[in-house]
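Grab a pencil and have a go at these exercises. Each one comes with a worked solution, so try it yourself before reading on.

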Amino acid sequence: MPRKSAALPLSPASSLAAPVSVPSDFGMRVVSWQRQHGRHDLPWQNTRDAYRIWLSEIMLQQTQVVAVIEYFQRFVTQLPTVAALAAAPADEVMALWAGLGYYSRARNLHRCAKAVMDEHGGVFPTDPAVLVTLPGIGRSTAAAVAAFSAGVRSPILDGNVKRVFARVFGIAGYPGERAIETRMWQLAEQALPPAGPHQAEDMIAYTQGVMDLGATVCSRGKPACLSDANACPLAADCVARRDGLTAVLPTPKPRAAIPERSTVMLVMRHGRDVLLGLRPDSGIWGGLWSLPEMPVDTVPFDIEAAEDAALAYARTLGKPSRAMLAGELTHVFTHFRLLIRAIRVDLDAVTHTDGGADDQPRRWLSLDDLDALGTPAPVRRLLEDQARGGLF
DNA sequence: AAGCCGGGGAT
DNA sequence: ATCCCAGGCTT
């Protein structure tokens with residue numbers, strides 16, 4: 001499916017302007033779902049050992065569960081406590097991490113273990129505001145460690161949660177963008193299960209559940225709700241499901257700016273005829289008939305120089321009378337943007353009709369017969385412009 | 001706000 | 001090939 005931001009029914013502005021509300025039972029629905037259908041046997045679950053929980057959270061940053069499991073087992077076997085980790089040489093820590101990627105995580109892990117020993121008596125804090133001051137622990141990881149180790153009521157916001165929220169609440173816009181992320185943190189606060197006597201166990205189930213939901217049901221490619229609405233406890237309230245937007249939400253990361261190239265195309269006119277050249281099969285517009293092109297080496301573009309070069313080229317064909325800039329347009333490819341400038345040259349007489357320098361076939365085509373040959377879309381527009389007699 | 005880090009799975 | 005993954009840190 002092509003991504004066309006222009007076709008996206010929701011603009012970021014519209015979704016921001018119309019804030020959604022979180023159903024009051026959102027959190028408990030996730031809790032119930034997690035207890036029935038969530039994951040319960042991951043190596044870092046079923047423990048309140050903050051060390052193991054923290055280690056798993058760091059390993060799981062930008063890293064999928066399946067990739068982490070082996071590393072986690074090996075790591076806790078070798079270094080079973082935060083004290084052991086703090087006392088270990090850096091080389092041993094890095095060796096245990098080697099292959100997981102994002103190695104600053106391992107360096108921060110080691111620093112964090114030492115800080116827990118030196119500044120917190122070897123005991124992990126349970127307050128997210130304190131946890132977040134430790135190396136390698138950001139807002140989401142702090143909340144996850146606090147929730148899993150102590151049942152603290154504080155929201156996480158990772159890639160899974162962002163995907164679930166973007167769809168359920170119909171939030172358009174790249175979640176990495178600050179305004180979108182800020183909005184999602186607000187929603188994450190409101191989505192928590194209620195405070196109360198069961199808060200701790202509910203927070204453990206909720207935190208695990210909202211991630212499991214994103215990982216197993218509200219997946220990126222084919223969300224389970226498309227084939228079975230009962231698969232998701234939030235399906236009844238899901239904006240993306242209701243409006244058929246699961247394929248376009250969350251909004252993908254914007255593609256990097258693509259480079260711009262420019263070219264000068266020559267519109268050699270002899271009466272109603274225009275000169276076209278067949279493009280090589282390989283490369284852009286392979287096998288299509290296009291206008292002859294000139295390289296442009298002057299920056300900024302020098303119109304007079306280009307017109308002079310166009311006249312010189314025209315003299316290889318016959319007797320030119322005048323040259324003029326006849327159009328400017330931009331054509332967008334997947335990987336670059338092409339600025340096309342067209343220079344028109346009128347020929348009073350044509351003495352040569354073939355013999356291009358590049359050995360490619362050339363021919364004259366009447367502007368009244370444009371359908372006879374396949375031409376690239378921007379060339380077609382230029383030629384239609386010529387047929388109409390317009391300059392631009 | 002944008003760039004950087006990284007190996008691996010899914011499509 | 002491209003996007004994304006239990007994000008956080010630096011500039």
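**Exercise 1.** Work out how H10 and H12 are oriented in this predicted model, and which residues bring them together.

*Solution.*
- Step 1: Start with the axes. H10 and H12 have axes 8 Å apart, and the packing angle is about 75°.
- Step 2: Put a word to that angle. Angles of 65 to 115 degrees count as roughly perpendicular, so H10 is roughly perpendicular to H12.
- Step 3: Find the residues. On the H10 side you have Asn-160, Val-161, Arg-163 and Val-164, and they meet Val-210, Met-211, Leu-213, Gly-214 and Ala-215 of H12.
- Step 4: Sort them by class. The H10–H12 contact has six nonpolar, two polar and one charged residues.

**Exercise 2.** Now do the same for H2 and H12.

*Solution.*
- Step 1: H2 covers residues 26–37 and H12 covers residues 199–217; their axes come within 8 Å and cross at roughly 80°.
- Step 2: That crossing makes H2 roughly perpendicular to H12.
- Step 3: Look for the touching residues. H2 brings Gly-27, Val-30, Val-31, Trp-33, Gln-34 and Arg-35, while the H12 side includes Asp-202, Ala-205, Tyr-206 and Leu-213.
- Step 4: Count by class, and you get seven nonpolar, four polar and three charged residues in the contact of H2 with H12.
- Step 5: Spot the overlap. Val-210 and Leu-213 of H12 take part in the contact with H2, and they also meet H10.

**Exercise 3.** Which residues come closest to each DNA strand?

*Solution.*
- Step 1: Take DNA strand C. It has 29 residues around it, and the closest are Leu-60, Gly-138, Thr-141, Asp-158 and Gly-159.
- Step 2: Ask which elements supply this surface. Helix H3 (50–59), helix H9 (139–150), helix H10 (159–168) and H12 each give two or more residues.
- Step 3: Split the surface near strand C by class: nine nonpolar, 13 polar and seven charged.
- Step 4: Move to DNA strand B, with 13 residues around it. Gln-62, Gly-101, Tyr-103, Arg-178 and Gly-221 come nearest.
- Step 5: Here the classes are four nonpolar, seven polar and two charged.

**Exercise 4.** Describe how chain A is divided, and what the record says about residues 59–216.

*Solution.*
- Step 1: The domain assignment gives domain 1 (5–243) and domain 2 (260–388). Their C-alpha centres lie 57 Å apart.
- Step 2: An unreviewed UniProt entry places "domain: HhH-GPD" at residues 59–216.
- Step 3: Check that stretch in the model: it is 66% helix and 0% strand, with its end C-alpha atoms 19 Å apart.

**Exercise 5.** Find what is special about the backbone at Pro-250 and Asn-46.

*Solution.*
- Step 1: The peptide bond from Leu-249 to Pro-250 is cis, with omega near 0°. Pro-250 sits in the loop between helix H13 (239–243) and strand E1 (260–270).
- Step 2: Asn-46 isn't a glycine, yet its phi is positive, at about 55°. You'll find Asn-46 in the loop between H2 and H3.

Key. Residues numbered from 1 in each chain as written. Chains lettered and ligands numbered in written order. Predicted model: local features only at pLDDT ≥ 70, side-chain atom pairs only at ≥ 80, totals over all residues. Domains from an automatic or database assignment. Axes fitted to C-alpha atoms, helices over the stretch in contact; angles between N-to-C directions. Helix = DSSP H or I, 4+ residues; strand = E, 2+ residues; numbered from the N terminus. Parallel < 35°, antiparallel > 145°, perpendicular 65-115°, else oblique. Contact = placed C-beta atoms within 7 Å. Nonpolar A, V, L, I, M, F, W, Y, C, P; charged D, E, K, R; others polar. Near = placed C-beta within 6 Å. UniProt positions renumbered as here; feature names shortened; annotations may be inferred.
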